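Reader: Before accepting labels such as buried, exposed or paired, I would like to see how each of them is reached. Could you take me through the reasoning?

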Amino acid sequence: MTKRAALIVNPTKSTDDVVVETVRELSEAEGWDAPLEIDTTADDPGFGQAREALEAGADVVLAAGGDGTIRAVAHELAGTDTPVGLIPLGTGNLLARNLELPLDSIADVVRQAMLGEDHRIDVVYATLDRKDERHLFLVMAGIGFDAAVMADTNDTLKDRVGWLAYVDAGIRNLPGKPSKVRMTINGGAPLRRRLRSVMGGNCGKIQGGLEIFPGAKLDDGVLDIMTVAPSGAFGWVGVAASVLQRNKGKDPAVEYFQGQSAEIESEDPLEIQLDGDHMGNAKHLKMDLDAGALIVRH
């Protein structure tokens, strides 16, 4: 029986035509059936398309787009035996960076996505304001400052200068007041803090090779938590130094925790982001790790 790939591609990306042609050519060269090709839409970034690929019996589902496309496809493939292959076409490409994929060569990354080895990685499910709907993320989630940065990033500027657009939004959002937060890790004793941001990480690296969660791995079965509580405007200098030094300075403005679940409740509604996707405002964020739930081919 011949193999077949399903290609889910974001058609708004400038290199989508190159990706489609490369997948077609490699499928033919390897004796695979012609790929099932499905575009994402403004209304559906990949959820329904991934279900269609599963129903068609694809041997591997290729997610070609940014972190949002990959997150949507992974949401449907998690818990199945069908691997996802990543073809990163976005600005951040954070999951791809943590997997050390060849971002400068579409031919190489397509070959790895179709013909590479299968590895299981962890996923994390988030719920907002105690609602039943679960949202999967692969890299990191945040409530507070970091989510406000994602929400405030100028898309036109992002298309022009890439990830530096996040720096622009970050500078504009530095002023602000901390919120009273109640946090529990693994259902333990509550911790009370006044914070600007809480982030949950499934892996460590962001743009520029900066490691937000030191030592975090996609397959370590651990959810990493980082809290940020700068004291005034100059407190951000300590936060930056702590992150750059991988917390060796032990600045009290930055704290790290680990577990398999975390629950954050704020007195005020705060912005929420999952893998860079702005999810609106909420007072409550719960994160639960599902170890080894997703198969990634690379």
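Author: What follows is a set of questions and answers on a predicted model, each label being set against its cut-off.

Reader: What does the protein chain contain overall, and what share of its residues counts as buried?

Author: The protein chain has 9 helices and 14 strands. Of its 298 residues, 52% count as buried. As for how contacts are spread along the sequence, 69% of those with a separation of 6 or more join residues 24 or more positions apart.

Reader: Why is G85 called buried?

Author: Buried means under 20% relative accessible area, and G85 has a relative accessible area of 0%, so G85 is buried. This residue belongs to strand β4, and, once residues up to four places away in sequence are set aside, it touches V60, V61, L62, A63, A113 and R297. With A113 the separation is 28 residues in sequence, while the two C-alpha atoms are 4.1 Å apart in space.

Reader: What makes S105 buried or exposed, given where it is placed?

Author: S105 is in the loop between α4 (94-98) and α5 (106-115). Its relative accessible area is 19%, and because the cut-off for buried is under 20%, S105 counts as buried. The side chain of S105 also reaches the backbone nitrogen of D108 at 3.1 Å, and as a polar contact requires a pair of N or O atoms within 3.5 Å, that distance satisfies the cut-off.

Reader: How do you know whether A189 is buried or exposed?

Author: A189 has a relative accessibility of 63%, and since exposed means over 50%, A189 counts as exposed. It is found in the loop between β8 and β9, where, leaving aside neighbours within four places in sequence, A189 is in contact with M183 and T184.

Reader: What makes β8 and β9 a pair of strands?

Author: Two strands pair if at least two bridges are found between them, and β8 (residues 179-185) and β9 (residues 191-195) share 5 bridges, in the antiparallel sense. One of the residues concerned is K180, whose bridge partner in β9 is R194. The hairpin they form has 5 residues between the strands, and N186 takes a positive phi there, near 55 degrees.

Reader: Which other residues have a positive phi in spite of not being glycine, and how accessible are they?

Author: N93 and D129 are among them, each with phi near 50 degrees. N93, in the loop between β4 (84-88) and α4, has a relative accessible area of 7%, which is under 20% and therefore buried. D129, in the loop between β5 (118-128) and β6 (135-137), has a relative accessibility of 35%, and because this value lies between the 20% and 50% cut-offs, D129 counts as partly exposed.

Reader: Why is T127 said to be buried?

Author: T127 has a relative accessibility of 13%, which is under the 20% cut-off, so T127 counts as buried. The residue lies in strand β5, and, not counting residues up to four places away in sequence, T127 touches E133, R134, H284, L285 and K286.

Reader: How do you know that R134 sits over the ring of Y125?

Author: R134 lies over the face of Y125, at 3.8 Å from the ring centre, and the distance part of the rule asks for CZ of Arg to be within 6 Å of that centre. As for pairs of aromatic rings, the count comes to 0, the rule there being that ring centres lie within 6.5 Å.

Reader: What makes helix α3 mostly covered?

Author: In α3 (residues 67-77), 9 of the 11 residues are buried, namely D67, T69, I70, R71, A72, V73, A74, E76 and L77. The helix is followed by G79, whose phi is positive, near 85 degrees.

Reader: Which residues have the most contacts inside the largest nonpolar core?

Author: That core has 61 residues, and those with the most contacts inside it are L7, L62, I87, L95, L138 and L294. Leaving aside neighbours within four places in sequence, L7 is in contact with V19, V20, V23, L36, E37, I38, L62, A64 and I87. A second, separate core has 23 residues, including M183, I185, V198 and L223.

Key:
Residues are numbered from 1 along each chain as its sequence is written. This is a predicted model: local features need pLDDT of at least 70, side-chain atom pairs count only at pLDDT 80 or more; totals for chains, interfaces and linings use all residues. Side-chain values use heavy atoms; hydrogens and water are left out. Rings of Phe, Tyr and Trp (its six-membered ring) pair if their centres lie within 6.5 Å; planes under 30 degrees apart count as stacked, over 60 as edge-to-face and the rest as tilted. A charge sits over a ring if NZ of Lys or CZ of Arg is within 6 Å of the ring centre and within 35 degrees of the ring normal. Helices (H or I, at least four residues) and strands (E, at least two) are DSSP runs, numbered from the N terminus. Buried means under 20% relative accessible area, exposed over 50%, partly exposed in between (1.4 Å probe, protein chains only). A polar contact is a pair of N or O atoms within 3.5 Å; within protein, one must be able to donate a hydrogen and the other to accept it, and residues adjacent in sequence count only if both atoms are side-chain atoms. A nonpolar core is a set of buried Ala, Val, Leu, Ile, Met, Phe, Trp, Tyr and Cys residues joined through side-chain atoms within 4.5 Å. Contact means heavy atoms within 4.5 Å.
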